[in-house]
Amino acid sequence: MALHDELAAAQRCLDELHRYVKRLEQQLGSGGLEMRRVRVDTDRLRESLALLKEADPALAQSKRPDLVSIPDTPYDNTLWTDSDDEGLGAHHGPGH
């Protein structure tokens, strides 16, 4: 499994752990020392994984592709010379 896949799997597991910790906190209350420690540890694991993803240059490059700017100016009409309109056929009519 590639590193990206491993990190994504770890992220899914931590997200699920976070959901279960929230449920436990609703049932047990958030006042106890043990519950607070579990919540803090879970949050710390999620933050650490996020930092690990940011620190990996291969992942940082794969996060966002290079943007290509597309001008707002109209295209040159000569680009469409000898082209067919999809479903309508050629502009010059049949037999030409």
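User: Before we start, what does contact mean here, and what share of contacts with a separation of 6 or more joins residues 24 or more positions apart?
Analyst: Contact means heavy atoms within 4.5 Å. In this protein, residues 24 or more positions apart account for 50% of the contacts with a separation of 6 or more. This is a predicted model, where local features need pLDDT of at least 70, side-chain atom pairs count only at pLDDT 80 or more, and totals for chains, interfaces and linings use all residues. Residues are numbered from 1 along each chain as its sequence is written, and side-chain values use heavy atoms, leaving out hydrogens and water.

User: Why is threonine 42 called buried?
Analyst: Buried means under 20% relative accessible area, exposed over 50%, and partly exposed in between (1.4 Å probe, protein chains only). Threonine 42 has 3% relative accessibility, so it counts as buried. Leaving aside neighbours within four places in sequence, threonine 42 touches Leu17, His18 and Val21.

User: What makes helix 1 roughly antiparallel to helix 2?
Analyst: The axes of helix 1 (residues 3–28) and helix 2 come within 10 Å and cross at roughly 160°. Angles between N-to-C directions run from 0 to 180 degrees, with axes fitted to C-alpha atoms, for helices over the stretch in contact. Under 35 degrees counts as roughly parallel, over 145 as roughly antiparallel, 65 to 115 as roughly perpendicular and the rest as oblique. The pair is therefore roughly antiparallel.

User: Which classes of residue make up the contact of helix 1 with helix 2?
Analyst: That contact has 12 nonpolar, 3 polar and 6 charged residues.

How values were computed: Helix = DSSP H or I, 4+ residues; strand = E, 2+ residues; numbered from the N terminus. Nonpolar A, V, L, I, M, F, W, Y, C, P; charged D, E, K, R; others polar.
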